[in-house]
Amino acid sequence: MLEVRDVVKVFKTGDNTIKPVNGISFTVEQGTFAAILGKSGSGKSTLLSLLGALDKATSGDVVVDGVNISALPDAKLTAYRRDDIGFVFQAYNLIPNLSAKDNVMLPMEFAGLSRAERSSRAAELLVQVGLEEDMHDRKANKLSGGMAQRVSIARALANNPKLILADEPTGNLDDETGELIIDLLRSLSHEKNTTILVVTHDHALAAKTDRKFRLARGRLTEEPVRAAHLH
Ligand SMILES: Nc1ncnc2c1ncn2[C@@H]1O[C@H](COP(=O)(O)OP(=O)(O)OP(=O)(O)O)[C@@H](O)[C@H]1O
Ligand SMILES: [Mg+2]
């Protein structure tokens, strides 16, 4: 379960103070696929970075699977980011001259898996996200956008995280490919019981999630998702 309690993030730049996150509370059950919508600059990426411990909240608590990450010392936060969170970005953020498989194996190195274990797990994950075996050795910079995003999703799954944070994962993809990626994230969240939060501007994609939140003026509100899309 993910529990966010009265989280505030203040940015001070010179005389300017902004609060893109100004008292946000919500709870999502484990295995939920949820969307976060909001205008540009509304604080969506800021919120994700607080949930993924890339940045610290000014106040409030983020509790992931019973652990209050807002109270963890920096050394533990590094381990939390590495072991419990998967990140997926709009620009894939793969290492361009490494193969698809090597990109997926990389996060497992820190988890202490042997090379053989990393290799077989990466191959398994790549197949799960829909990348055929003949593509596994292809360099990341030679993959199409849709394939690159599949590899980045496999990488996010590498350490079997409780939570995956995806910041506009379809932003660089055409509509059809974007829809396939959302369908993939949705089925993974349910099959692996992984909570996945996806930031998107696309209402059609947001309608495919279990829950839908909108961020505006520092606050998060939930909107109904049409029942036909739920299962
Ligand atoms: N490190 C920072 N220092 C100061 N201000 C920041 C910082 N990071 C973000 N902001 C500001 O916080 C606000 C929210 O930014 P954020 O990137 O979270 O929005 P967003 O909803 O992700 O926008 P987009 O849809 O364009 O990606 C913006 O006004 C931004 O300029
Ligand atoms: Mg953003």
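Let's start in the loop between strand S6, residues 85-89, and helix H3, residues 100-109, where we find Tyr-92. Its phi is near 70°, a positive value in a residue other than glycine. One thing to keep in mind throughout: this is a predicted model. So, is Tyr-92 buried or exposed? At 14% relative accessibility, Tyr-92 counts as buried, because the cut-off for that is under 20%.

Now, please turn to the loop between S9 and S10, where Arg-217 sits. Arg-217 also has a positive phi, near 50°, and again the residue is not a glycine. Its surroundings are another matter: with 77% relative accessibility, Arg-217 counts as exposed. So we have a positive phi at a buried Tyr-92 and a positive phi at an exposed Arg-217.

While we are in this part of the chain, let's look at the strands on either side of that loop. Lys-212 is in strand S9. Which side chain does Lys-212 meet in a salt bridge? The partner is Glu-223, at 4.0 Å from N to O. Glu-223 belongs to strand S10, residues 219-223, and Lys-212 to strand S9, residues 211-216, so the pair links parts of the chain 11 residues apart. The two ends of this bridge are not equally covered: Lys-212 is buried, with a relative accessible area of 13%, while Glu-223, at 23%, counts as partly exposed.

What surrounds that lysine? Leaving out residues up to four places away in sequence, Lys-212 touches Ala-35, Leu-37, Ala-206, Thr-221, Glu-222, Glu-223, Pro-224 and Val-225. You will notice that the salt-bridge partner, Glu-223, is in that list.

Next, the sheet. Here we have an open sheet of four strands, in the order S2-S1-S4-S5, and the pairing is antiparallel. The edges are strand S2, residues 16-28, and S5, each of which pairs on one side only. As a reminder, strands of a sheet pair through backbone hydrogen bonds, either parallel or antiparallel. Inside the sheet, strand S1, residues 2-13, runs antiparallel to S4, and five bridges join the two. Which residue in S4 stands opposite Arg-5? That would be Asp-61.

Arg-5 brings us back to charges. Glu-3 forms a salt bridge with Arg-5, and their closest N and O atoms are 3.3 Å apart. Glu-3 counts as partly exposed at 22% relative accessibility, and Arg-5 is partly exposed as well, at 37%. There is a third member here: salt bridges that share partners join Glu-3, Arg-5 and Asp-61 into one network. I like this spot, as the Asp-61 of the network is the residue that stands opposite Arg-5 in the strand pairing.

One more pair before I stop. Asp-65 forms a salt bridge with Lys-162, with the closest N and O atoms 3.9 Å apart. Where do these two lie? Asp-65 is in the loop between strand S4, residues 59-64, and strand S5, residues 67-68. Lys-162 is in the loop between helix H5, residues 145-157, and strand S7, residues 163-167. The pair therefore ties together parts that are 97 residues apart in sequence. Both ends count as partly exposed, Asp-65 at 41% relative accessibility and Lys-162 at 28%.

For the overall tally, a search of the whole structure finds 12 salt bridges, including the Glu-3 to Arg-5 pair and the Asp-65 to Lys-162 pair. Thanks, everyone, and over to you for discussion.

Technical notes
Residues numbered from 1 in each chain as written. Chains lettered and ligands numbered in written order. Predicted model: local features only at pLDDT ≥ 70, side-chain atom pairs only at ≥ 80, totals over all residues. Heavy atoms only, no water. Buried < 20%, exposed > 50% of the residue type's maximum accessible area, 1.4 Å probe, protein only. Contact = heavy atoms within 4.5 Å. Pairing = 2+ DSSP bridges.
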